[in-house]
Amino acid sequence: MDSSNKSSSRSTPAPVEEPEYLARYLVVKHSWRGRYKRILCLSNVTITTLDPATLSVTNSYEVASDFDSAAPIIGRDENSNEFNLNVRTDGRGKFKGIKFSSRYRASILTELYRIRGNRLGAVAEFPVLHLRRRNAEWVAFKLKVTYVGVELIDLKSGDLRWCLDFRDFDSPAIVYLSDAYGKKGSEHGGFVLCPLYGRKSKAFQAASGSTNSAILQIWYV
């Protein structure tokens, strides 16, 4: 290899490494110019949209300063798949809602809430009793409601014992118990959280310091 080739090889820039994304989804962006496809790339640092034809970046928002919130747009029926992403550019100005649609709306919103929730923490925490069906015993746990679902926390170790994302709730998601199985004198029988995909439902009652109605109203606020 002659010196000119060596010089050329040294001056060749290294390829740009692709950022680490938590997830990527195909979406449709809605604007005054019309509707066009985008790839929505989500990470704990940035939210980026790419042109699927060229993979070039069309917009990028810093999570810490440019991402405010995300919310579903209520449609005429349950098959609606539109949502708003409230963002701003370069950490300045007002947040603006950008409209998207995707068949993966529930998963996208779950990831966006999880990103946002990392900074905001839990929505609420409640002392509960969980029914162990094998021996019909009510066991004390902490039920943690987050921006993406619910978590069952062991009181002694603090370990996560069970979790269920809102996107994975069945319909109906909550079934009320008509009587207080295994207990006497409670306000009513508690409630059952029902997952999709064949996972087992779990029955709960409010423990001392809370009520079933206080726990369940979180889902209806």
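**Exercise 1. The lining of the second largest pocket**

Task: Sort the residues that line the second largest pocket of this predicted model into nonpolar, polar and charged.

Solution. Step 1: The lining divides into four nonpolar, five polar and four charged residues. Step 2: The lining has 13 residues, and the closest to the centre of the pocket are Lys 29, Tyr 61, Lys 96, Gly 97 and Ile 98. Step 3: By the classes used here, Lys counts as charged, Tyr and Ile as nonpolar, and Gly as polar. Step 4: The space in this pocket is about 250 Å³.

Task: State which strands supply at least two residues of this lining, and which of them gives the largest share.

Solution. Step 1: Strands S1 (23-31), S4 (57-62) and S7 (96-101) each supply at least two lining residues. Step 2: The largest share comes from S7, with four residues.

**Exercise 2. Phe 100 and its surroundings**

Task: Place Phe 100 in the secondary structure and decide whether Phe 100 is buried or exposed.

Solution. Step 1: Phe 100 is in strand S7, the strand that gives the pocket lining its largest share. Step 2: The relative accessible area of Phe 100 is 2%. Step 3: Buried means under 20%, so Phe 100 is buried.

Task: List what Phe 100 touches, leaving out residues up to four places away in sequence.

Solution. Step 1: On the low-numbered side, the residues touched include Val 27, Val 28, Lys 29, His 30 and Thr 49. Step 2: Asn 81, Glu 82, Phe 83 and Leu 85 are also touched. Step 3: Lys 29, one of these contacts, is also among the residues closest to the centre of the second largest pocket. Step 4: For a distance across the sequence, take Arg 38, which is 62 residues from Phe 100 along the chain, with 9.3 Å between the C-alpha atoms.

**Exercise 3. Aromatic pairs**

Task: Give the number of aromatic pairs and classify the pair of Phe 83 and Phe 100.

Solution. Step 1: The count comes to five aromatic pairs. Step 2: The rings of Phe 83 and Phe 100 are 5.7 Å apart, centre to centre, with 20° between the planes. Step 3: Planes under 30 degrees apart count as stacked, so this pair is stacked. Step 4: Phe 83 is in strand S6 (residues 82-87) and Phe 100 in strand S7, 17 residues apart, and the pair links distant parts of the chain. Step 5: Both Phe 83 and Phe 100 are buried.

Task: Classify the pair of Phe 166 and Phe 169, and give the accessibility of each residue.

Solution. Step 1: The ring centres of Phe 166 and Phe 169 are 5.8 Å apart, and the planes meet at 35°. Step 2: This angle is neither under 30 degrees nor over 60, so the pair is tilted. Step 3: Phe 166 has a relative accessible area of 33% and is partly exposed. Step 4: Phe 169, at 10%, counts as buried.

Task: Name the residues of the aromatic cluster.

Solution. Trp 162, Phe 191 and Phe 204 form one cluster.

**Exercise 4. Strand S12**

Task: Find the cis peptide bond and describe Ala 173.

Solution. Step 1: The bond from Ser 171 to Pro 172 is cis, with omega near 5°. Step 2: Pro 172 lies in strand S12, which covers residues 169-176 and also holds Ala 173. Step 3: Ala 173, at 25% relative accessibility, counts as partly exposed. Step 4: Ala 173 touches Val 192, Leu 193 and Cys 194, not counting residues up to four places away in sequence. Step 5: Leu 193 is 20 residues from Ala 173 along the chain, and their C-alpha atoms are separated by 6.0 Å.

**Exercise 5. Positive phi in loops**

Task: Locate Leu 55 and Ala 136, and give the phi and accessibility of each.

Solution. Step 1: Most residues other than glycine have a negative phi. Step 2: Leu 55 has a positive phi, near 65°, and sits in the loop between strand S3 (46-50) and S4. Step 3: At 55% relative accessibility, Leu 55 counts as exposed. Step 4: Ala 136 also has a positive phi, about 55°, and is in the loop between strand S8 (124-132) and strand S9 (137-145). Step 5: With a relative accessible area of 36%, Ala 136 is partly exposed.

Conventions:
Residues are numbered from 1 along each chain as its sequence is written. This is a predicted model: local features need pLDDT of at least 70, side-chain atom pairs count only at pLDDT 80 or more; totals for chains, interfaces and linings use all residues. Side-chain values use heavy atoms; hydrogens and water are left out. On a 1 Å grid over the protein atoms alone, a cavity is a set of points where a 1.4 Å probe fits but cannot get out, and a pocket is an open set with protein on both sides within 12 Å along at least five of seven lines; lining residues have an atom within 4 Å of a point. Grid points are joined across faces, edges and corners, and a volume is the space filled by probe spheres set on the points. Rings of Phe, Tyr and Trp (its six-membered ring) pair if their centres lie within 6.5 Å; planes under 30 degrees apart count as stacked, over 60 as edge-to-face and the rest as tilted. Buried means under 20% relative accessible area, exposed over 50%, partly exposed in between (1.4 Å probe, protein chains only). Contact means heavy atoms within 4.5 Å.
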